[in-house]
Amino acid sequence: MSRARLARYSLWQFRDFVIDRGIAIMIIGLLWGYTLIAPMRAAMGAAFDVGPGSPAWPLVITVTSSVVSLSVLIALNGVVSADRKMGYYRFLFSKPVSAVAYYAQLFFVYMAGVLAAMLVLAVVLHTVVPTFKILNFLVYAAIIYIAMGGIGFFLSVATRFDWLTLAAVWLGSRILRDFYGDTPGWKSKVVELLPPVHKLTEVSMSIITSGTAHAGAVVWLLGYGALFLALGLLLLHRGSLAD
């Protein structure tokens, strides 16, 4: 299939993202942010001034970083497995279309969709919290999309219940690292193989606040996600979409 024809698919892919996922991301993001930040603004009244030095700043970081993670979870839900379960792959690939190229493009089209949604949400938040840096937030969202989304893509290729599995892996990794990360013995060695979710707090606070972060933490997150994205594409290449 020619690159031009595959590129035309991206318009349909983006449209599907907006209808099936983008609207939900926007609604959830706005509601979540309003529920947590609006009461704080009402309580502080004219004294409302949230910035990096404010005691309320960690709450802003927690809310915004959580919205990013939830958005990635929504975006990658069923990105491959839904086509397999519903049998849509028979229609998608009835013409000579490379499944690897199609889903690789879909991954990055959905990334553009998530970043577009995060841009809108960031602009809205910036009107309430002027010290909130929109560009910094988008950089963080891009990092988390690769890190978390790469794992989600692999799980969507490998399993039928990808969003549940991704949520369990993402949350479970954090819990296991908290319990066994600093303990001596084989358990601490095993948890080192899990997703580097223990870096999220450091990276989110640093990037969203100042636009910088420890290079090692960022490379670890990006490398882990990129590795699993590549494994998912390899599995697509060597395997079959048919259950």
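This is a short dialogue about a pocket and two buried residues in a predicted model.

Visitor: Let's start with the pocket. What volume does the largest pocket have, and how many residues line it?

Guide: A pocket is read from its volume and its lining. Here, the largest pocket has a volume of about 420 Å³, and 19 residues line it. Nearest its centre lie S65, S66, S69, W170 and R174.

Visitor: Which helices supply at least two residues each to that lining?

Guide: They are α2 (57–76), α6 (134–158), α7 (162–180) and α9 (200–210). Of the lining residues, α2 gives the most, with eight.

Visitor: How does the lining divide into nonpolar, polar and charged residues?

Guide: The lining of the largest pocket holds 12 nonpolar residues, six polar and one charged.

Visitor: Now a single residue. Is S204 buried or exposed?

Guide: Relative accessibility is the value to look at, and buried means under 20%. S204 has 5%, so it counts as buried. This serine is found in helix α9. Leaving aside residues up to four places away in sequence, S204 touches I61, S65, Y140 and T209.

Visitor: Why does V218 count as buried?

Guide: The same reading applies: V218 counts as buried because its relative accessibility is 16%, and the cut-off is under 20%. V218 lies in helix α10, residues 215–238.

Visitor: Which residues does V218 touch, beyond those up to four places away in sequence?

Guide: V218 touches I143, I207 and A213. For a view of sequence against space, take V218 and Y140: they are 78 residues apart in sequence, and their C-alpha atoms are 9.6 Å apart.

Technical notes. Residues numbered from 1 in each chain as written. Predicted model: local features only at pLDDT ≥ 70, side-chain atom pairs only at ≥ 80, totals over all residues. Heavy atoms only, no water. 1 Å grid on protein atoms, 1.4 Å probe; cavity = no way out; pocket = protein on both sides within 12 Å on 5 of 7 lines; lining within 4 Å. Points joined across faces, edges and corners; volume = space filled by probe spheres on them. Helix = DSSP H or I, 4+ residues; strand = E, 2+ residues; numbered from the N terminus. Nonpolar A, V, L, I, M, F, W, Y, C, P; charged D, E, K, R; others polar. Buried < 20%, exposed > 50% of the residue type's maximum accessible area, 1.4 Å probe, protein only. Contact = heavy atoms within 4.5 Å.
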